[in-house]
Amino acid sequence: MKKWGALFIAGVLLTGCSEKEAEKESKFTIKDAIKKDHVVIQNLSEKEIEIITGATKTEHLVPMFAFLDDVKADKESKLQITVFTKNGESTTSELHYVNKDKTIFTNNNKAFGMPTGEIECSYILDSNQNLMVDGCTTEVSTLLVTPFSPRDFNLAKADYKSKE
């Protein structure tokens, strides 16, 4: 009887360990997103009002500047934006500049009550605090793509210019 009990406990422990290992292997991380050249935004709060007012951290904003240079040159380009919640879950959205009249924002981030899915827009609006799209075919024509702090913007812009 002791052998069966020991085997049962060993089986439970091994199963638990292998499930934890599988979870670790399949979870998309900040490092993974940076390797894939995504803009990475970490939410430092679970409350939307705090996120909107600056409870975020930008890990990799440099790809946005290359994307915006392509937009200015009227060159088709894509930008991946991955948002990590405070508990580490990730959502990746994409901004696809097709031409001066058409940009597709594939929004997978349900935050801020914004519509999700593929949304066609006409303009890209950028500032030192956010990236937005305008002239969209949704009820609200201006949508937030991603917020960031002016400090993160300036550091990333200096980094981008030093690589030119």
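Reader: Which residue in strand 6 does N107 stand opposite?

Author: This is a predicted model, in which local features need pLDDT of at least 70, side-chain atom pairs count only at pLDDT 80 or more, and totals for chains, interfaces and linings use all residues. Residues are numbered from 1 along each chain as its sequence is written, and side-chain values use heavy atoms, without hydrogens and water. Strands are DSSP runs (E, at least two residues), as helices are (H or I, at least four), numbered from the N terminus. Strand 5 (residues 102–107) and strand 6 run antiparallel, joined by five bridges, and the residue opposite N107 is G117.

Reader: Why is one side of strand 2 and of strand 6 left without a neighbour in the sheet?

Author: The open sheet has six strands with mixed pairing, in the order 2-1-3-4-5-6; two strands pair if DSSP finds at least two bridges between them. Strand 2 (56–58) and strand 6 (117–121) lack a neighbour on one side because each stands at an edge, with a single partner strand.

Reader: Which element gives the most residues to the largest nonpolar core?

Author: A nonpolar core is a set of buried (under 20% relative accessible area, 1.4 Å probe, protein chains only) Ala, Val, Leu, Ile, Met, Phe, Trp, Tyr and Cys residues joined through side-chain atoms within 4.5 Å. The largest has 29 residues, and those with the most contacts inside it are M64, L95, I124, L131 and V133. Among the elements giving two or more residues are strand 1, strand 8 (130–134) and helix 5 (150–163). The greatest contribution, six residues, comes from helix 4.

Terms used
Buried means under 20% relative accessible area, exposed over 50%, partly exposed in between (1.4 Å probe, protein chains only).
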